[in-house]
Amino acid sequence: MIVNNIEIMFGGQAGDGSLTTGDLIAGVFKRMGLEVYTYKDFPSRIRGGHTNYVIRAGERPNYGMADFVDGLVAFDLEAVEAHIEEMRPGGFVIFDNTSEVVPEHVKRDDVTWYEIPIGRMAKVDLGLELVRNTIALGALGALIGMDPQAVRTDVTGVYKRKGEKVVDINIRAIEAGENFVSEHFAQTPSGYALRAGIDGDRLIMMGNDAIGYGSLVGGCRFMAGYPITPATDVLEWMAKYAPRYGGVTVQAEDELAAINMVIGASFTGVRSMTATSGPGQALMTEAIGLAGVLEIPIVVVECARTGPSTGMPTKTEQSNLNHLIFSGHGEIPKIVISPGTVEDSFYLAAQAFNLADKYQCPVFILTEQALCQSKATLPRLDLSRVHIDRGKMVTEPVVFGEYKRFAFTDDGVSPRVIPGVEGGMHLAPGSEHNDAGVITENTKNRARMMEKRMRKMESARPDLPTPLVHGDPRAEIAILGYGANRGPICEAQDRLASQGVATRFLELRTLWPFPEDEVREFIENATSVYVVENNYTGQLERLIRYVVGPLERMHRVLKYNGRPFRPIEIIEPIERLSALRGLTGAQR
Amino acid sequence: MATMLTPKDFATATPSWWCAGCGDYGVLSALKQALAELGKVPKDVAFVSGIGCSGKISGYLHSYAFHGVHGRALPVATAVKLANRDLTVIAAGGDGDGYAIGAGHFLHAVRRNPNMTYIIMDNQTYGLTKGQSSPTSQAGYVTGTSPQGNPDAPINGLAVALAAGGTFLARGFSAQPKLLVDLLKQAILHEGFSLVEVMSPCVTYNKINTYAWFKENTYYVTEKETYDSTNRMHAFEVLNDDGKLPLGVIFQEARPTLEALAHLPELPITQVTLDPHSSDLNAIQDAYV
């Protein structure tokens, strides 16, 4: 019997309501005191196409998928065929056998099969095909021991705005699912049980919502964006909340407009942001250079998906790191930070605006579909940890002629007036300019101005989010990674530790300016180094080599099929290579 | 302000990079005159320009001036207005900036109707890159990139803006300062997006659309006795006439501005107090319990 540790996959066709039910399952797990992580694996279309929603629950936070699926709820054969190989031996499948039969060669005999005519029960018994999901929820709840009261409370909560009739039929659907299980499967337990813990004062939130929330708390009052998966949620979040706090959002005509609007609003003195994904990021590149040379603070959220071009818009990847760091003609100071959890997404988003204001440069928040569109449980957010520092912003009158917008300073940061301030009138030109903003091609000035701007990268270092060390800091095996991979890497570490293999993991939260000293020190005396990332070319690993030089004991652990790592995919290469080096034995 | 400012108060010390005789001088001087006559002060004027000869104008107007990337003056200016609605916001650029690389933003600025003024300085050529054809060049115009004659029909920017829902459309000529000052003043006072297309001859590269050509080929709409600038049909008619170019206020109508429809706070957003510890903000997370 596996208690309080389960990964459910809810699979069917897009548009059939499985996402809503996935959210419901996650909510019930949370209510039962478990830590939850969800992962949406859906096609880039509105109706049809295989979609699934992974909901993982355990006694401790995981921030990622498990090695296997424990329970698959399949509304069609396609869902079974697509995922049967991912099932844990001893797991179970709930299959809607209304109109399809599972062929024998697909029907693994090491999983338990619960065939339920869900579609027929919905259509014939309850008269509403839509409640298939809720029937399945009832059956699932009965099989794994979800708190029936919590199920009813959450279902009522979700459907109450649709009226009493809708709530009523959904409650009856739960009962139908539960009853079917007790009538037919009383003798075939699922092997899984949930014991209610205590649902402390916790939240369940999606990464993108945390970014929106953190930005608003961090003082963002202007957002312009162009809808793009998987970043649109941030614009939607801000569109809902920003006006209540004196802010405004604009759905721009394209990403070129969005980024230029962000620059315009920030030039005027309002903390401003946009959120986009790879294709939009590419379009924004020119204007980001403008923000760099004009020393205008902007925050750009990059919700990474697979590329190139359209790629797989709803799938995850970490292939935009190079783009954020190296794209753009000319050279500008910029900062790239990346959260590893939903909670960190909130705090880093708030911090991004201080970094932008203090160093007057573009700040990128790099996140990935596997984190930004995933929900997770987290402690309540502590707003007292957020403070607002507008850096050298000047709102009091200055003396015209004495004031220089681009004054040369030791830290590279010049006092920044905003329009409306008496005496501060100047030209902010994308062309090279002198300290007063007058366009000039003077060679001495050019060199000095480049140095002034780039100096901000060094000035910013002490302020940047620090990397986190997970695991045993003295372990000989070192792992590096960032973003959504924090979850699977930490879990892999725990499992390796339980086998006697100690590891340490440096979770990079600032990727640019690259934390050279920390990384060099971290890998210096490691026997082997693993860089875990979701791309083909090993972008982070190359960055590290760029800093430390060629390193024979450094290995890439890569995945680029559009899905996030499962822990086993990190454990196996480490075990394999460590065994080759005879390390595993030595450390046991 | 105790004393009215003069056009000189809107001048910068920066020497101009324009050629002697360039039409853009007339635009700059009319703009300074208009701002002074309207009692504007430099600190409250935000002036955004694009790229090209015309884009250099932002360096010559004493104000909060912004010289961005090619074609994107309007998104920048729209956001400046949203961020601080108390500012007088003016954008300026050439025919290439507004009708070619920035054409998308042009349409959307027109339809959004922010309370700002957009001056298109139309010389019907790409001057700064030494005389290629532009979106307003006449068909057949021979240049380095169109040695056999420009194959593209010119864009009729004002007609496009009229179709897109423009609320103030005017055309001036840089050699007629009195008219231009008057048009710019009306445009700045207009509540909404005001577009002033100024014929601004390029003396170096455009040997066809010269000062003399414009004198010959323009007329004031007010010369038409029955012309009604609030009548959309009248506007379409004069803008689509193949004959001479109409000058003056072609069309104007009242329509709610972007600021009015975007649920902006009473004060400029720049003045909104940021308090990360407010109980209101903290309560947002209650929705996620």
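**Exercise 1.** How many bridges join strand 2 of chain A to strand 5 of chain A, and do the two run parallel or antiparallel? Describe also the burial and the other pairing of strand 2.

*Solution.* The model is a predicted one, in which local features need pLDDT of at least 70 and side-chain atom pairs count only at pLDDT 80 or more, while totals for chains, interfaces and linings use all residues. Residues are numbered from 1 along each chain as its sequence is written, and chains are lettered from A and ligands numbered from 1 in the order in which they are written.

Step 1. Strand 2 (residues 6-13) of chain A and strand 5 (residues 69-74) of chain A run parallel and are joined by 4 bridges; strands are DSSP runs of E with at least two residues, helices are runs of H or I with at least four, and both are numbered from the N terminus. Two strands count as paired if DSSP finds at least two bridges between them. In strand 5 of chain A, A:Val73 stands opposite A:Phe10.

Step 2. Strand 2 of chain A is also joined to strand 4 (residues 50-58) of chain A, by 8 bridges and in the antiparallel sense, with A:Ile8 opposite A:Ile55 of strand 4 of chain A.

Step 3. Of the 8 residues of strand 2 of chain A, 7 are buried, where buried means that 20 or more other C-beta atoms, placed from the backbone, lie within 10 Å of the residue's own (exposed is 12 or fewer, partly exposed in between).

**Exercise 2.** Follow the strands of chain B to the place where one of them pairs with chain A.

*Solution.* Step 1. In strand 1 (residues 45-49) of chain B, 5 of the 5 residues are buried. In a regular strand the side chains alternate between the two faces of the sheet. Here both faces are covered, with B:Val45, B:Phe47 and B:Ser49 buried on one side and B:Ala46 and B:Val48 on the other.

Step 2. Strand 1 of chain B pairs in the parallel sense with strand 3 (residues 88-94) of chain B over 5 bridges, and likewise in the parallel sense with strand 2 of chain B over 4 bridges. B:Val48 stands opposite B:Ala91 of strand 3 of chain B, and has B:Phe66 as its bridge partner in strand 2 of chain B.

Step 3. Strand 2 (residues 64-67) of chain B pairs with strand 19 of chain A, in the parallel sense and over 4 bridges; A:His426 stands opposite B:Tyr64.

Step 4. The contact between the chains takes 53 residues from chain A and 46 residues from chain B, contact meaning C-beta atoms, placed from the backbone, within 7 Å. Helix 9 of chain A gives the most to the chain A side, with 9 residues.

**Exercise 3.** Determine how helix 16 and helix 17 of chain A are arranged, and which residues make their contact.

*Solution.* Step 1. The axes of helix 16 (residues 516-524) and helix 17 (residues 539-548) of chain A come within 10 Å and cross at roughly 90°.

Step 2. Helix 16 and helix 17 of chain A are therefore roughly perpendicular to each other, the class for angles of 65 to 115 degrees (under 35 is roughly parallel, over 145 roughly antiparallel, the rest oblique).

Step 3. A:Glu516, A:Val519, A:Arg520 and A:Ile523 make the contact from helix 16 of chain A, and A:Ile544, A:Val547 and A:Val548 from helix 17 of chain A.

Note on methods:
Contact = placed C-beta atoms within 7 Å. Axes fitted to C-alpha atoms, helices over the stretch in contact; angles between N-to-C directions.
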